[in-house]
Number of protein chains: 4
Amino acid sequence: MKVFDELESAVRSYSRNWPTVFEKSKGYKLWDEDGNEYIDFFSGAGALNYGHNHDKMQEKIIDYIQQNGITHSLDMGTTARKTFLQRFHDVILKPRNLDYKVMFPGPTGTNAVESALKIARKVTGRETVISFTNAFHGMTIGSLSVTGNAFKRHGAGIPLHHSVSMPFDGYMEGHDSISYLEMFLEDKGSGVALPAAIILETVQGEGGVNTASFEWLKKVEEICRRWGILLIVDDVQAGCGRTGTFFSFEPAGLQPDVVCLSKSIGGIGLPMALTLIKPEYDQWGPGEHNGTFRGNNLAFVAATEALSFWKDDSFSISVREKGEKVRATLEVLVEKYPELQGEARGRGLMQGIACGPEGLASQICRDAFESGLIIETSGPEDEVVKLLPPLTIDEEGLTLGLNILEKSIQHVLHH
Amino acid sequence: MKVFDELESAVRSYSRNWPTVFEKSKGYKLWDEDGNEYIDFFSGAGALNYGHNHDKMQEKIIDYIQQNGITHSLDMGTTARKTFLQRFHDVILKPRNLDYKVMFPGPTGTNAVESALKIARKVTGRETVISFTNAFHGMTIGSLSVTGNAFKRHGAGIPLHHSVSMPFDGYMEGHDSISYLEMFLEDKGSGVALPAAIILETVQGEGGVNTASFEWLKKVEEICRRWGILLIVDDVQAGCGRTGTFFSFEPAGLQPDVVCLSKSIGGIGLPMALTLIKPEYDQWGPGEHNGTFRGNNLAFVAATEALSFWKDDSFSISVREKGEKVRATLEVLVEKYPELQGEARGRGLMQGIACGPEGLASQICRDAFESGLIIETSGPEDEVVKLLPPLTIDEEGLTLGLNILEKSIQHVLHH
Amino acid sequence: MKVFDELESAVRSYSRNWPTVFEKSKGYKLWDEDGNEYIDFFSGAGALNYGHNHDKMQEKIIDYIQQNGITHSLDMGTTARKTFLQRFHDVILKPRNLDYKVMFPGPTGTNAVESALKIARKVTGRETVISFTNAFHGMTIGSLSVTGNAFKRHGAGIPLHHSVSMPFDGYMEGHDSISYLEMFLEDKGSGVALPAAIILETVQGEGGVNTASFEWLKKVEEICRRWGILLIVDDVQAGCGRTGTFFSFEPAGLQPDVVCLSKSIGGIGLPMALTLIKPEYDQWGPGEHNGTFRGNNLAFVAATEALSFWKDDSFSISVREKGEKVRATLEVLVEKYPELQGEARGRGLMQGIACGPEGLASQICRDAFESGLIIETSGPEDEVVKLLPPLTIDEEGLTLGLNILEKSIQHVLHH
Amino acid sequence: MKVFDELESAVRSYSRNWPTVFEKSKGYKLWDEDGNEYIDFFSGAGALNYGHNHDKMQEKIIDYIQQNGITHSLDMGTTARKTFLQRFHDVILKPRNLDYKVMFPGPTGTNAVESALKIARKVTGRETVISFTNAFHGMTIGSLSVTGNAFKRHGAGIPLHHSVSMPFDGYMEGHDSISYLEMFLEDKGSGVALPAAIILETVQGEGGVNTASFEWLKKVEEICRRWGILLIVDDVQAGCGRTGTFFSFEPAGLQPDVVCLSKSIGGIGLPMALTLIKPEYDQWGPGEHNGTFRGNNLAFVAATEALSFWKDDSFSISVREKGEKVRATLEVLVEKYPELQGEARGRGLMQGIACGPEGLASQICRDAFESGLIIETSGPEDEVVKLLPPLTIDEEGLTLGLNILEKSIQHVLHH
């Protein structure tokens with residue numbers, strides 16, 4: 001680790017929590033340079049939904065490289081790009097009756113969000129964007145402006161503008177956050193301007209696995225329709241099957257105006273992002289938003305292969321089944337260990353336990369790492385143990401990981 | 001191309017200028033699906049300095065994949081990351097007597113710039129950043145605020161703040177832009193606050209191949225020292241050898257406080273970026289800036305291999321020699337074709353011809369494409385034909401490309 | 001009225017509602033050029049608490065002019081300024097155990113607010129200021145940023161920043177706005193930064209005569225203390241006795257850090273404003289905020305005389321008694337005329353009837369004007385008939401005005 | 001002075017430079033409580049162009065008060081307002097062929113500027129306003145954003161936006177500030193957006209008596225016309241005859257789109273301000289900008305009387321003659337006392353000597369005060385002795401004041 005300490009910036013974070021040098025990985029497992037094995041309940045913060053180094057994707061990439069396929073292309077036409085676009089349309093959009101133009105905004109989630117905010121402002125001619133408490137949308141100034149976390153916001157070094165933070169579903173017991181939002185929009189004296197867009201995550205990953213009800217989501221969409229506000233769903237972490245459907249908003253029946261995808265869209269963990277825009281709002285001028293790495297063709301190749309998981313319902317069903325198993329286990333844990341002051345949260349394979357006592361969740365995750373489980377916290381006070389296993393994990397892996405988690409809970413509580 | 005028209009967003013740009021589907025590439029050549037061959041004087045907008053699909057890099061990547069090396073790691077420690085850090089230190093920083101902490105800010109140039117602006121603001125406690133006319137630093141809101149282009153800025157949909165635009169070297173004939181900058185800083189009534197940083201490109205790629213003199217650069221650095229302003233060099237396009245040295249600021253003798261690298265740092269065109277920060281300014285809190293794709297290990301592997309070019313002076317010398325040949329040719333063209341109202345600009349293999357008549361540069365580039373040369377314009381009015389061949393191009397390729405360029409000039413002028 | 005139509009800007013408003021040319025005034029009466037008499041339930045929007053052309057104040061001003069007393073002095077020392085400062089200290093601050101430095105910020109309410117915001121930001125080093133729904137604090141950009149009204153805000157022509165709008169007391173039935181505010185401050189992921197200040201009116205005049213409970217006010221103060229936030233009370237309209245005590249916050253037992261006074265502080269309606277600052281926060285540099293008309297000495301003379309009203313409790317008591325009479329009448333009206341869908345609001349002689357049906361309040365006020373009563377609406381939809389009679393009005397005047405009001409209600413409802 | 005020290009805020013400034021309590025004044029003289037007499041070369045920072053306590057204006061005001069004329073009226077129609085509007089039209093606008101709608105924006109200069117900025121942004125739909133180095137336009141956030149002084153700007157406690165500072169006429173020797181401005185507007189990559197307005201003072205009072213040439217002013221106007229930018233002249237200090245014509249821009253032949261007037265427009269020093277707007281740009285909604293003290297009727301009465309000075313050319317001519325005398329004297333002083341490293345600046349009775357050595361101008365003004373002359377410094381470093389005698393001053397007073405000034409120069413230099 002000395003190399004990192006000496007040569008790398010103090011900004012590094014995960015390498016502090018998991019102080020080892022990882023060398024190899026496959027499926028739901030990683031190995032470090034000393035040969036230790038780890039079970040992965042983290043999945044690259046949701047970028048490895050299909051597990052590490054998926055055989056078929058590896059094969060396709062190697063094959064592509066060996067044929068001297070175009071590696072880097074900005075937004076030039078390439079065979080790999082064309083194939084991906086066609087497949088994404090056939091496998092994802094068409095069967096769901098979704099009509100979106102696909103934008104490649106640069107290969108990161110924050111780039112997808114920045115472009116979504118731009119197009120919403122351009123289309124409406126308005127400036128304000130409403131986001132929600134504990135939202136996380138990225139670290140560049142546009143995305144950071146709609147992110148809730150005070151530490152991250154403060155890192156901007158400048159005041160962040162053009163955004164208003166409203167209470168997420170269930171933010172305060174007994175407060176109906178929808179009627180609150182409506183009140184601010186209806187009242188001409190509220191101090192909140194009619195926004196260009198409302199941006200939301202259906203499940204807030206970084207914010208603490210806060211899970212919006214389908215009813216709440218539907219009401220937000222209705223508000224957007226009534227007021228001519230664009231609805232942006234940031235599905236960077238909750239999308240690509242994480243909650244049990246390709247898009248996290250499917251079971252709520254939403255039809256967002258703009259959707260941000262990144263993380264697992266690249267299949268094998270290569271940088272890639274998409275901004276999906278309803279055709280009527282695709283009012284960009286050529287090059288009005290751009291970036292050098294919009295054409296990461298190795299990612300297109302892996303992404304195309306990854307879409308094979310979505311050819312029929314079977315994958316989706318298996319994720320939900322695993323999700324139910326995780327949920328059942330978490331509820332048992334919460335009941336069995338009242339000292340946790342725990343609350344089970346989440347959907348699909350995006351779940352967590354919010355812990356009452358300060359610092360407890362972090363202790364559990366640290367202990368789990370020592371027992372070979374990679375798992376991280378989330379929430380403004382790092383108060384939630386967040387489970388993001390690969391969606392492809394098998395019964396055995398899931399059980400193994402959950403067992404380590406329970407042991408760490410025991411260990412930390414009774415230490 | 002129908003697939004792109006139907007499925008992709010209107011924001012695409014290069015695919016409009018070069019309307020074909022590229023399939024393969026090697027060195028300085030590309031081939032489209034119809035088997036047409038193209039010479040590349042564009043190099044992925046500077047992301048392919050070492051040419052397309054470099055054999056050794058391909059080999060290393062395939063090897064790494066076959067060994068199930070970690071593909072995606074955020075900022076976790078990995079073998080590939082460690083090796084890159086060590087090699088970058090040994091081959092680049094140490095021999096140049098440069099002492100920087102290496103930050104992986106996310107895999108795009110704009111992410112490197114956003115993090116540079118953040119750390120400068122944090123370290124100084126100030127907000128304003130001075131940038132220069134025709135600067136290009138990226139498309140996310142922070143970077144866009146220090147970018148000059150009106151069309152790109154307007155795309156933000158919100159006013160862009162915390163930045164002041166000053167005249168770049170040679171902006172107006174007869175105006176000394178340094179004394180202008182000094183005056184604004186010295187005069188307590190100038191309306192310009194003491195900035196956190198001055199950010200600059202030594203050669204403005206997107207802005208029109210505007211090339212700062214070493215003397216001007218040195219004076220800007222002196223101003224920074226005198227006033228306690230951080231000097232940020234955005235070497236995303238001009239760095240990684242493009243102008244004939246690894247960092248474009250080496251011949252000027254600068255020691256910037258922060259350096260942004262991206263594009264060709266990933267060797268083979270995979271998304272990657274670095275922010276280099278003087279140790280005394282590396283005052284980040286852990287995770288204060290982050291991002292999912294900070295750990296693109298395939299890029300680390302290719303990047304490590306790419307550093308082999310810098311083990312001794314030979315590569316650097318060859319780039320400068322090719323640069324001189326290009327310059328000589330451009331000056332001949334300018335003289336030979338007075339209708340161009342042309343001006344040769346640039347350094348190393350980052351050169352261009354600024355053309356007087358409106359639309360002329362675009363016509364030349366379009367014509368060149370039809371003759372098998374990929375070359376783009378730059379400048380606020382697309383008035384500059386910009387030459388960015390791969391640094392690895394050979395004599396033959398260079399001559400071939402320059403010949404096509406001349407024919408296109410003839411063709412357009414005498415049509 | 002032709003002169004106004006032809007020569008004056010379209011921005012004029014009151015002269016449209018009351019289309020006549022006023023010539024003379026005394027106490028609670030005005031007369032126009034045609035000799036029509038009007039009862040004043042408007043009092044210069046609260047600037048004429050002591051009625052029109054108070055004899056004693058007129059006398060003092062004339063006397064001062066005749067002695068060639070200094071008229072205009074910026075912030076130079078003058079006899080009139082000195083006398084006012086001493087009297088304000090003796091009659092107002094000392095008896096109330098309030099310790100404030102007196103700042104003359106320029107002669108308008110918005111100037112008092114702008115200076116309050118500046119000093120709060122300077123003292124805390126923070127930028128955000130929390131204001132409340134339907135707040136009105138002024139029309140210059142700083143004050144407008146903490147004002148709720150959408151029409152006024154839109155008039156800025158630029159986005160308004162550095163402010164967050166929170167729900168005022170009773171904003172939504174069943175929503176506890178205090179716990180809401182607390183939640184946003186406590187939660188590190190709320191998206192709302194720790195503010196420099198909270199600014200409030202105890203009774204929102206322009207916003208619709210919304211009246212905060214003393215308990216709510218006290219809780220806001222406690223929040224300020226707990227978090228190190230400055231509490232600014234904008235007493236421009238509700239102060240100077242309007243609600244029955246000199247400062248409107250006295251009965252709530254508040255000790256604001258900064259208080260803004262204007263309107264009736266000048267006694268006879270001459271422009272004047274004060275910013276009262278706790279000594280520990282009076283951290284201005286000399287001239288850091290200034291303005292040409294800080295030294296309106298005729299206003300100082302009238303203001304000094306006006307303080308005579310506050311030598312003992314009698315005036316205060318009489319205002320409250322009149323207030324109770326008004327309240328009783330309004331409640332009768334609300335009950336008697338259910339078509340009003342009315343709600344009686346307010347404190348002291350700052351009261352109103354919120355009317356349900358759209359446009360009704362405006363109709364009533366228009367009708368009242370035709371019957372010789374000057375009275376205006378307030379609220380974001382002009383839905384409140386607002387009563388601001390001079391505090392010095394006698395029994396007869398009050399009855400007369402209230403009778404006209406009732407007749408206009410009848411007239412409008414049964415027309 | 002103890003009262004001020006103990007009871008007043010630390011923000012006070014003039015009372016620190018001139019530490020006495022003034023009691024009476026007439027014409028160009030003031031007397032303090034100890035009976036000391038002072039000659040006034042300051043004129044309330046330009047608010048007392050017609051001298052102190054002008055007999056006729058006093059008479060009119062007293063008469064008005066005694067008739068119980070309306071004192072305070074917001075923007076209601078009153079006899080005094082009507083009379084002023086008519087007289088202003090007849091005496092000022094019509095003879096100069098100027099067609100403006102008159103807006104009463106609130107009684108301070110900064111209010112006039114804030115409303116000017118608002119209407120320019122509304123009319124053009126743009127946000128940026130270009131101002132000039134060392135401009136002073138006021139202390140509320142909108143006006144402060146277009147003010148150059150770093151100390152004042154810093155007092156805002158927030159970053160100031162939507163403005164760009166360009167070099168005033170003669171800002172840097174050898175730099176042509178007009179072509180500089182043009183270059184930034186023409187170049188689509190300059191980083192400066194097409195502005196809503198350019199705001200300027202023809203002579204910068206606070207900024208150091210910097211005097212724009214008529215040619216420069218005309219060129220700025222031409223730039224405005226060419227680009228559809230509104231030209232705002234802030235004539236708050238330089239207007240009302242200060243430079244020898246009623247509007248300071250008359251001799252340059254400008255026809256600004258918006259003009260800000262305040263200070264001496266109220267005649268006797270009472271708070272008053274006007275925003276003059278070309279009819280085609282008077283696109284306000286009713287009440288879109290407002291304020292309590294827009295109807296200061298005592299000021300209207302004095303202002304109407306003051307317009308008598310402008311019935312014919314004689315006053316204007318006399319101001320210019322006195323101005324020439326002052327200029328001749330200043331040039332003699334500069335030559336006679338080379339230690340001043342002096343430069344004579346200004347127009348009409350708005351003149352000054354810029355002094356080279358640090359602190360010298362302040363010392364001279366302090367010394368002058370001790371000898372009975374009230375005179376202040378201006379400029380970002382307080383480096384200019386600024387002469388603003390009443391325009392009504394007679395030969396004797398002018399000579400007296402200039403003599404004291406010379407003695408103070410001698411005294412300070414040879415001390």
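**Exercise 1. By what turn, and what shift along the axis, can chain A be laid on chain B?**

Keep in mind that this is a predicted model. Start with the superposition: a turn of 180° with a shift of 0.0 Å along the axis lays chain A on chain B, at an RMSD of 0.0 Å. The two copies are thus related as by a two-fold rotation axis. To find that axis in the viewer, go to A:I141, the residue of chain A that comes closest to it, with its C-alpha at 2.7 Å.

**Exercise 2. Work out how many residues of each chain are in contact, and how much area gets buried.**

Count the contacts to begin with: 102 residues of chain A touch 102 of chain B. Next, compare the two sides: 100% of chain A's interface residues are interface residues in chain B too, so the copies meet through the same surface. Now the area: the chains bury about 9,000 Å² between them, with 62% of it on carbon and sulfur atoms. A:L7, A:V11 and A:F293 supply 8% of what chain A buries against chain B, more than any other three residues.

**Exercise 3. Sort out the polar side of the interface: how many salt bridges cross it?**

The rule finds four salt bridges between chain A and chain B. One of them pairs A:R81 with B:E8, whose closest N and O atoms are 2.9 Å apart. By class, chain A's side of the interface has 43 nonpolar, 36 polar and 23 charged residues.

**Exercise 4. Which strand of chain B is joined to β1 of chain A?**

Look at residues 21–26 of chain A: two bridges join this strand to β4 (residues 77–78) of chain B, and the two run parallel. For a landmark, A:V21 stands opposite B:G77.

Conventions:
Residues numbered from 1 in each chain as written. Chains lettered and ligands numbered in written order. Predicted model: local features only at pLDDT ≥ 70, side-chain atom pairs only at ≥ 80, totals over all residues. Heavy atoms only, no water. Least-squares fit on C-alpha atoms with pLDDT ≥ 70 in both. Contact = heavy atoms within 4.5 Å. Buried area = accessible area lost by both parts, 1.4 Å probe. Salt bridge = Lys/Arg side-chain N within 4 Å of Asp/Glu carboxyl O. Nonpolar A, V, L, I, M, F, W, Y, C, P; charged D, E, K, R; others polar. Pairing = 2+ DSSP bridges. Helix = DSSP H or I, 4+ residues; strand = E, 2+ residues; numbered from the N terminus.
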